Amino acid sequence: MAAKLTDLDLLATFLEIYRGGSITSAATRRGLTQPAVSGQLARLEKELGEPLFVRGSRGVTPTPRADDLARRVGQHVDQLRTALDPGGILEGTVRIGGAAEFMTVRGLPALAPLTRRGLRFEVTFGLAGDLLAALRAAKLDVVLSSVRPAAGFTATPFTDEEFLLVGPPLLARTVDQDVLAADPARALEHLPLVAYDGDLPIIRRYWRSEFGTRPANTVAVTVPDLRAVLAAVIAGAGVSALPRYLAEPALAAGSVEQLHHPEVPPLNTLYVVTRSTTTPATDAVVEHLRSRDWGVL
């Protein structure tokens with residue numbers, strides 16, 4: 001029995017090195033010293049009769065034999081480790097990516113309970129397209145995406161973002177309410193915009209969804225962080241479309257006002273995305289996010 005458990009430990013250590021690309025990081029995740037991890041790897045390579053990694057200054061690079069071994073045993077070893085671990089304890093590190101704003105305000109607080117069960121997270125911020133490319137290249141394990149991915153991934157919807165058009169009170173008072181009711185785009189076109197980037201992705205989607213046209217407004221500020229967009233709106237630089245979870249505190253404080261009240265608010269679905277082959281750790285993340293009561297975002 002002891003020999004079997006030792007073999008499982010060797011494979012578990014191998015998978016941590018393979019997934020993290022580093023003996024040092026594998027030692028941290030396994031709770032072992034670096035020499036102990038190196039020793040386990042040496043034992044496994046001796047049993048297999050060939051090297052599994054090429055050592056370099058920036059970590060280790062898997063050999064074709066390592067790629068094949070990880071593909072064959074990875075899911076099975078993860079399932080065995082979970083079965084042998086009573087009480088719902090989770091092990092491993094999940095490399096997760098998402099938008100900085102969502103991860104900071106909602107994502108990381110939502111994931112915190114999993115850390116109390118033993119799971120660890122390495123978080124990457126970025127745009128959905130870049131993060132999905134990193135997921136495809138096995139540089140990430142999970143992506144929280146505002147874009148439904150193409151084929152080749154497993155995508156599970158877990159909540160919807162609701163977008164609000166907001167502006168500072170001073171600018172809100174310049175909107176003719178009668179014109180707003182009859183022709184919203186014309187009533188709002190004198191207002192400067194604060195945008196996430198030059199393509200106006202969120203604002204353009206709001207205008208097309210609610211008004212059936214592109215915004216004709218001038219752009220006063222472009223800044224690649226929705227929290228900074230909100231700060232600029234509060235300061236009076238212009239108006240913007242923002243997720244409710246970001247705008248609501250400023251609305252409650254009276255720092256901004258909602259400029260337009262659609263009958264059906266525009267929504268954007270968020271997906272938790274993994275590769276087709278998962279691990280118990282990534283499965284736990286997906287299920288935790290899917291089953292959570294997010295309320296209105």
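How exposed is Arg55, and what does its relative accessibility count as? At 47% relative accessibility, Arg55 counts as partly exposed. On this scale, buried means under 20% relative accessible area, exposed means over 50%, and partly exposed lies in between, with a 1.4 Å probe and protein chains only.

Before we go on, a word about the model. It is predicted, so local features need a pLDDT of at least 70 and side-chain atom pairs count only at pLDDT 80 or more, while totals for chains, interfaces and linings use all residues. Residues are numbered from 1 along each chain as its sequence is written, and side-chain values use heavy atoms, with hydrogens and water left out.

Now let us see what Arg55 is paired with. Glu45 forms a salt bridge with Arg55, and their closest N and O atoms are 3.5 Å apart. A salt bridge here is a side-chain nitrogen of Lys or Arg within 4 Å of a carboxyl oxygen of Asp or Glu. Glu45 sits in helix α3 (residues 34-48) and Arg55 in strand β1 (residues 53-56), so the pair links distant parts of the chain, 10 residues apart. Helices (H or I, at least four residues) and strands (E, at least two) are DSSP runs, numbered from the N terminus. Unlike its partner, Glu45 counts as buried, because its relative accessibility is 13%.

A second pair is found between Asp141 and Arg95, whose side chains meet at 2.8 Å, N to O. Asp141 lies in the loop between α6 (128-136) and β5 (142-145), and Arg95 in strand β3 (residues 93-98), so this salt bridge ties together parts that are 46 residues apart in sequence. Both Asp141 and Arg95 are buried.

Next, follow the chain to helix α12 (residues 244-253). Its buried residues are Arg244, Tyr245, Leu246, Ala247 and Ala250. They pack against α5 (100-115), β6 (153-167), α11 (226-234) and β9 (240-243), where contact means heavy atoms within 4.5 Å.

Helix α12 also holds a salt bridge of its own: the side chains of Glu248 and Arg244 meet at 3.0 Å, N to O. These two residues are four apart, about one turn of the helix. An α-helix has 3.6 residues a turn, so residues three or four places apart point the same way. Arg244 is buried, with a relative accessible area of 18%, whereas Glu248 counts as partly exposed at 36%. Just after α12, Gly254 takes a positive phi of about 80 degrees.

Finally, step back to the whole structure, where a search finds 12 salt bridges. Glu50, Arg65, Asp68, Arg71 and Arg72 are linked in a network of them.
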